[in-house]
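Here is a structure to look over at your own pace. After it comes a request to zoom in on one part.

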Amino acid sequence: MIKYGKPILKVGSRRNGRSSAQKSARRIQKGVIHVQASFNNTIVTVTDVRGQVISWSSAGTYGFKGTRRGTPFAAQTAARNAIRAVVDQGMQRTEVMIKGPSLGRDTSLRAIRRSGILLSFIRDVTPMPHNGCRPPKKRCV
């Protein structure tokens with residue numbers, strides 16, 4: 001005889017009473033802003049202290065296509081739009097983690113500063129190899 005247990009419900013399903021309306025009603029005082037600035041795109045993610053994503057934005061989601069996604073203006077737009085949602089939820093203090101080599105690093109940081117959120121610290125978390133893998137062969141053009 002096979003016994004079946006309770007069905008496993010998804011975290012955000014309607015059956016167990018949690019919905020996105022309750023999630024957006026939370027008041028968040030402190031959070032972390034992650035800026036990932038590559039040459040092709042800039043992604044800005046805002047999380048709470050535990051690491052759960054509150055809002056995110058990228059240059060590509062705001063209509064920038066192709067090489068324009070890697071521009072400083074696109075990075076500034078992405079940062080401004082990601083922060084706008086969390087300022088409405090009451091975020092006041094943040095830590096900023098910046099990763100990547102792009103020009104969008106500085107402009108996204110300026111957009112974060114202009115938003116009025118207090119920055120407790122800014123950390124560069126760009127991965128640096130300690131002479132790990134062998135680099136690819138030099139290109140002949």
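Q: How much area does the protein expose, and what share of it do carbon and sulfur atoms supply? After that, could you walk me through strand E4 (residues 93-99) and what surrounds it?

A: Sure, starting with the ground rules. This is a predicted model, where local features need pLDDT of at least 70 and side-chain atom pairs count only at pLDDT 80 or more, while totals for chains, interfaces and linings use all residues. Residues are numbered from 1 along each chain as its sequence is written, and side-chain values use heavy atoms, leaving out hydrogens and water.

Now the outside: the protein exposes about 10600 Å², and carbon and sulfur atoms supply 55% of that. Areas like this come from the Shrake-Rupley method with a 1.4 Å probe, and for residues only the protein chains shown count as cover. Of the 141 residues, 34% count as buried, where buried means under 20% relative accessible area, exposed means over 50%, and partly exposed is in between (1.4 Å probe, protein chains only).

Next, the layout. There are three helices and five strands, strung along the sequence as α-β-β-β-α-β-α-β. Helices (H or I, at least four residues) and strands (E, at least two) are DSSP runs, numbered from the N terminus.

On to E4 itself. Five of its seven residues are buried, so the rest of the structure largely encloses this strand. Who does it pair with? Strand E1 (residues 30-37) runs parallel to E4, with seven bridges joining them; Lys30, for example, has Arg93 as its bridge partner in E4. Strand E5 (residues 118-124) also pairs with E4 in the parallel sense, over six bridges, and there Ile98 has Asp124 as its bridge partner. To count as a pair, two strands need at least two bridges found by DSSP.

Follow the chain on from E4 and you meet a neat pattern: E4, helix H3 (residues 104-114) and E5 make a right-handed β-α-β unit. Right-handed here says that, with the strands pointing away from the viewer, the path from the first strand over the helix to the second runs clockwise.

Now look at the packing around E4. Ile33 is in contact with Thr94, Glu95, Val96 and Met97, among others, and its list also includes Val44 and Ile112. Contact means heavy atoms within 4.5 Å. Of the 18 residues in the largest nonpolar core, Ile33 and Val44 touch the most other members. The elements giving two or more residues to this core are E1, E2, helix H2 (72-88), E4 and H3, and H2 gives the most, with five residues. A nonpolar core is a set of buried Ala, Val, Leu, Ile, Met, Phe, Trp, Tyr and Cys residues joined through side-chain atoms within 4.5 Å.

Val44 deserves a quick look too. Val44 lies in strand E2 (residues 42-48) and is buried, with a relative accessible area of 0%. Besides Ile33, the residues touching Val44 include Trp56, Ala78 and Ala82, not counting residues up to four places away in sequence.
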